[in-house]
Amino acid sequence: MTDHNHQKKIALINDMTGFGRCSIAVQLPIISMLKVQCCAIPTSIFSNHTGYEHYHYTDYTDHLAEYMDCWEKLNLKFEGICTGFLGSAVQIELVSNFIRRFRSKITTVVIDPVMGDYGKAYPTYTDEMCDNMVHLVRHADIVTPNVTEACILTGTPYKERFTTGELLDMAEQITELGPGKVVITGIPQKTYVSNLCYEENGAYAMIKTHKIGNSRSGTGDIFSAIIAADAVNGVDFATSVKKASHFIKRCIVKSMEMDIPLTDGVCFEEVLYTLK
């Protein structure tokens, strides 16, 4: 049998959006730039993301099992598995099964538990899906929740401001589910946006960047893609978080310079060459 495993690979499980710079469309080139082969599993296909007035959507759930079976027949091995938005309880269970089937001693699993923002779960997310996501997080080595998602994962009431101690408590609770590393992203701190890195041994770092512009689609996907590729490449966790934060800031600055509409995400293509 032909050996397809001469290069490092990440299995990327997320939706595919044709326009609007998010999900697989931004993660694939980011992972490739960091010299890791990106093998994508589309959970659904969108003409453009749902922030636009009109969009076309195709659910890919019914095809996922056969899609994954083909990869098993090819004997594909993955140094990384990275997940993004999942649209149903069935998809979450399929992803859990994929991790159980394809994980090996060399695999780092990165889960971005895309469930909500600004203190609320997304309208599509049911209580059952939130519970299932908690179980999925148990499979992870690294988890990248925003503040809202950290609250959902730990059953913590949301509020506008958390102390560092409170954030550390949530991060510790998430590691108790199974992951060795957690980064709570998008923490507002006056003129900064911070990311809290926490490891199960108690080590932590608060990575700060000056807040610039408004929220844009795809930045969380870029962040998790860098974290996943760096983990596969053996980059220190806090160093990787700092790299991702600074790269996203460059993307936002360039997007503002080019007057890119907020709905269109960040023009990461203009600064991709700086990512190493």
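Which helix holds both Glu 257 and Lys 254, and how many residues apart do they lie? I come back to this in point 6; please keep in mind throughout that the model is a predicted one.

1. Let me start with strand β1, which spans residues 9–19. This strand is mostly covered, as 8 of its 11 residues are buried. On one hand β1 pairs with strand β2 (residues 37–48), in the parallel sense and over 9 bridges. If you would like a residue to click on, the bridge partner of Ile 10 in β2 is Cys 38. Helix α1 (residues 24–33) joins in as well: β1, α1 and β2 make a β-α-β unit, and the unit is right-handed.

2. Strand β1 also pairs with strand β4 (residues 80–83), again in the parallel sense, here over 4 bridges. Here the residue to look at is Ala 11, which stands opposite Ile 81 of β4.

3. Next, the aromatic side chains. A pair of aromatic rings is described by the distance of the centres and the angle of the planes. The count for this model comes to 12 aromatic pairs. In one of them, the rings of Trp 71 and Phe 78 have centres 5.4 Å apart and planes at 40 degrees, so this pair is tilted. Both Trp 71 and Phe 78 are buried. In another, Tyr 158 and Phe 162 meet edge-to-face, with 6.4 Å from centre to centre and 70 degrees between the planes. Tyr 158 is partly exposed at 32% relative accessible area, whereas Phe 162, at 15%, counts as buried. You may also like the cluster that ring pairs build from Tyr 60, Tyr 67, Trp 71, Phe 78, Phe 98 and Phe 102.

4. Two lysines are worth a look beside these rings. Phe 78, a member of that cluster, has the charged end of Lys 9 over its ring, 5.9 Å from the ring centre. Tyr 192 has the charged end of Lys 208 over its ring, at 5.4 Å from the centre.

5. On to charge pairs: side chains of opposite charge can pair when their charged atoms come close. A search of the whole structure finds 8 salt bridges. One of these joins Arg 101 and Asp 69, with 2.8 Å between the closest N and O atoms. This pair links distant parts of the chain, since Arg 101 belongs to helix α3 (residues 89–102) and Asp 69 to helix α2 (residues 61–73), 32 residues apart. Arg 101 is partly exposed at 33% relative accessibility, and Asp 69 is partly exposed at 31%. Glu 72 takes part too, in a network of salt bridges that links Asp 69, Glu 72 and Arg 101. Arg 103 and Asp 141 form a further salt bridge, at 2.9 Å from N to O. Arg 103 lies in the loop between α3 and β5, and Asp 141 in the loop between α4 and β8, so the pair ties together parts that are 38 residues apart in sequence. Arg 103 is partly exposed at 31%, as is Asp 141 at 27%.

6. Now back to the opening question. Glu 257 and Lys 254 both lie in helix α8 (residues 237–257), 3 residues apart, which is about one turn of the helix. The two form a salt bridge whose closest N and O atoms are 3.7 Å apart. Glu 257 counts as exposed, at 56% relative accessibility, while Lys 254 is partly exposed, at 26%.

Conventions
Residues numbered from 1 in each chain as written. Predicted model: local features only at pLDDT ≥ 70, side-chain atom pairs only at ≥ 80, totals over all residues. Heavy atoms only, no water. Phe/Tyr/Trp six-rings, centres within 6.5 Å; stacked < 30°, edge-to-face > 60°. Buried < 20%, exposed > 50% of the residue type's maximum accessible area, 1.4 Å probe, protein only. Lys NZ or Arg CZ within 6 Å of the ring centre and 35° of its normal. Helix = DSSP H or I, 4+ residues; strand = E, 2+ residues; numbered from the N terminus. Pairing = 2+ DSSP bridges. Right-handed = clockwise from strand over helix to strand, strands pointing away. Salt bridge = Lys/Arg side-chain N within 4 Å of Asp/Glu carboxyl O.
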